[in-house]
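Please look through the sequence and the model shown here before reading on. The paragraphs that follow begin at one turn and work outward from there to the rest of the fold.

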Amino acid sequence: PNPNSFDNEFSIELKGIKNCNVIVELRILNLIGERVYYSKVSSKENDVFIVNPQIVLAKGVYLIESSICGEIFRKKFIVE
């Protein structure tokens with residue numbers, strides 16, 4: 001959920017990945033550009049990809065960035 005109260009773990013869901021075994025890079029950045037999470041994994045056979053980062057984030061605004069097949073996608077989210 002966005003905003004996230006962070007009482008429980010959270011997940012990141014990417015939809016629309018058309019090829020299996022594509023390398024997916026995920027980054028979570030704070031607003032000053034520091035990387036607080038990084039993962040590089042291979043997608044599976046379906047077009048939905050879920051990652052459960054094992055991190056605790058302080059309250060604030062973050063950017064999630066994914067790199068798939070040379071394309072970069074960014075989304076802002078809030079931790080309350």
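Strands β5 and β6 form a hairpin with 2 residues between them, and C69, which lies in the turn, has a positive phi of about 50°. This is a predicted model, and that angle, like every other value given here, is computed from it. On either side of the turn, I68 stands opposite E71 in β6, and the pairing of β5 with β6 continues in the antiparallel sense over 9 bridges.

A second hairpin is built from β2 and β3, with 4 residues between the strands, and here G33 takes a positive phi near 90°. The bridge partner of L29 in β3 is R35, and the two strands, β2 and β3, pair in the antiparallel sense over 7 bridges.

What joins the two hairpins is the pairing of β2 (residues 23-30) with strand β5 (residues 60-68), which is antiparallel and runs over 7 bridges. The result is an open sheet of 4 strands in the order β3-β2-β5-β6, with antiparallel pairing. Because β3 and β6 (71-79) each have a single partner strand, they stand at the edges, and one side of each is left without a neighbour in the sheet. From one strand to the next, the twist averages 15°. Strands of a sheet pair through backbone hydrogen bonds, in either a parallel or an antiparallel arrangement.

Seen as a whole, the protein chain has 6 strands and 0 helices, so that its pattern along the sequence reads β-β-β-β-β-β. Among contacts between residues at least 6 apart in sequence, 53% join residues at least 24 apart. Of the 80 residues in the protein chain, 35% are buried, while the chain exposes about 5,600 Å², of which carbon and sulfur atoms supply 49%.

The largest nonpolar core has 13 residues, and those with the most contacts inside it are L14, I28, L57, Y62 and F77. To this core β1 (12-15), β2, β5 and β6 each supply at least two residues.

Which residue of β5 is the bridge partner of N30? It is Y62, a residue already met among those with the most contacts inside the core. N30 itself lies in β2, and because its relative accessible area is 16%, under the 20% limit, N30 counts as buried. Leaving out residues up to four places away in sequence, N30 touches V36, V61 and Y62. Its side chain also has polar partners: the side chain of N30 reaches the backbone nitrogen of I32 at 3.1 Å, and it makes a polar contact of 2.8 Å with the side chain of E34.

In the edge strand β3 (residues 35-42), the residue to consider is S39. Is S39 buried or exposed? Although β3 has a single partner strand, S39 counts as buried, because its relative accessibility is 12% and the limit is 20%. Residues up to four places away in sequence aside, S39 touches V24, E25 and L26.

At the other edge, K75 is placed in strand β6, and with a relative accessibility of 54% K75 counts as exposed, because the threshold for that class is 50%. Its contacts, once neighbours within four places in sequence are left aside, are with Y62, L63 and I64. Although K75 and Y62 are 13 residues apart in sequence, their C-alpha atoms are 8.4 Å apart in space. Y62 thus appears in two of the local descriptions, as the bridge partner of N30 and as a contact of K75.

The account ends in the segment after β6, where E80 is found. E80 is exposed, because its relative accessible area of 51% is over 50%. The C-alpha atoms of E80 and V61 are separated by 8.8 Å, although the two residues are 19 residues apart along the chain. V61 is also one of the residues that N30 touches.

Notes. Residues numbered from 1 in each chain as written. Predicted model: local features only at pLDDT ≥ 70, side-chain atom pairs only at ≥ 80, totals over all residues. Heavy atoms only, no water. Buried < 20%, exposed > 50% of the residue type's maximum accessible area, 1.4 Å probe, protein only. Polar contact = N/O pair within 3.5 Å; in protein donor to acceptor, adjacent residues only side chain to side chain. Contact = heavy atoms within 4.5 Å. Pairing = 2+ DSSP bridges. Axes fitted to C-alpha atoms, helices over the stretch in contact; angles between N-to-C directions. Areas by Shrake-Rupley, 256 points an atom, 1.4 Å probe, with all protein chains shown as cover. Core = buried A, V, L, I, M, F, W, Y, C linked by side-chain atoms within 4.5 Å.
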